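Welcome to this short tour of a protein model. Keep the sequence and the 3D view side by side as you read.

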Amino acid sequence: MPQDLTSLDENPSSMQHIVKDRFASGLGMEVIEARPGYGVARLVIDDQHLNAVDTVHGGVFFTLADYAFGAATTNFDNETVTLTASIDYIATGPKGTVFTAVAKEIAATRRTSRYDAEVRDETGKLMATAHFVGYRKG
């Protein structure tokens, strides 16, 4: 499925690294929307996302939220890197569940930004919340 990147036409060079994220792509994640201060990523859970007790591995939630954060920050002229991040795990879901992460900018200065992200299943149930502080390089 092709990436539907809202601002790709507006700033194609800044979007290339999010499209080419080999780690997220290898996990089956895709960016659904990306614009300054807002990013959405999605993943359908399969066997590779489950841990030893057959629940979704916590790293999957974190990576999906981080991918949405990356999509939201990639639209700026300067590349943003993560300074700090934290996540709260609330629930999990079975194989076949579709998770969507939405990251939104909460505050920003010239060099730093703060984002909150939520991961929800296809029914809207909250699965995890994450918080990111980013640093704009350059």
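A salt bridge here is a side-chain nitrogen of Lys or Arg within 4 Å of a carboxyl oxygen of Asp or Glu. By this rule, Asp-116 and Arg-114 form one, with their closest N and O atoms 3.4 Å apart. Before going further, note that this is a predicted model, in which local features need pLDDT of at least 70, side-chain atom pairs count only at pLDDT 80 or more, and totals for chains, interfaces and linings use all residues. Residues are numbered from 1 along each chain as its sequence is written, and side-chain values use heavy atoms, leaving out hydrogens and water.

**The overall picture**

The protein chain has three helices and six strands; helices (H or I, at least four residues) and strands (E, at least two) are DSSP runs, numbered from the N terminus. Read from the N terminus, the order of elements is α-α-β-β-α-β-β-β-β. The chain has 138 residues, and 39% of them are buried. Buried means under 20% relative accessible area, exposed means over 50%, and partly exposed lies in between (1.4 Å probe, protein chains only). About 7,200 Å² of the protein chain is exposed, with carbon and sulfur atoms supplying 53% of that area; these areas come from the Shrake-Rupley method with a 1.4 Å probe. Among contacts (heavy atoms within 4.5 Å) with a separation of 6 or more, 65% link residues 24 or more positions apart.

**Helix H3**

Now find helix H3, residues 58-73. Its expected span is 1.5 Å times one less than its number of residues, so its 16 residues should cover 22 Å, and the 23 Å between its end C-alpha atoms agrees with this. Is H3 mostly covered or uncovered? It is mostly covered, since 12 of its 16 residues are buried. Among them are Val-60, Phe-61, Leu-64, Tyr-67 and Phe-69.

**Strands S4, S5 and S6**

Next, look at the end of the chain's list of elements. Strands S4 and S5 run antiparallel and are joined by eight bridges, where two strands pair if DSSP finds at least two bridges between them. S4 and S5 make a hairpin with three residues between them, and Glu-105 stands opposite Tyr-115 in S5. S5 and S6 also run antiparallel, joined by nine bridges; Ala-117 has Ala-130 in S6 as its bridge partner. Five residues lie between S5 and S6 in their hairpin, and Gly-124 in the turn has a positive phi of about 95°.

In a regular strand the side chains alternate between the two faces of the sheet. S5 (residues 112-120) shows this pattern: Ser-113, Tyr-115, Ala-117 and Val-119 point to one face and are buried, while Thr-112, Arg-114, Asp-116, Glu-118 and Arg-120 point to the other and are not buried.

**Salt bridges**

How many salt bridges does the rule give? The count comes to six, and the table shows three of these pairs.

| Acidic residue | Basic residue | Closest N and O atoms |
|---|---|---|
| Glu-105 | Arg-136 | 3.2 Å |
| Asp-116 | Arg-114 | 3.4 Å |
| Glu-118 | Arg-120 | 3.0 Å |

Take the pair Glu-105 and Arg-136. Glu-105 lies in S4 (residues 98-108) and Arg-136 in S6 (residues 126-136), so this pair ties together parts that are 31 residues apart in sequence. Glu-105 is partly exposed at 30% relative accessible area, whereas Arg-136 is buried at 9%. In the S5 pairs, Asp-116 is partly exposed at 27% and Arg-114 is partly exposed at 33%. Glu-118, at 34%, is partly exposed, and Arg-120 is partly exposed at 30%.
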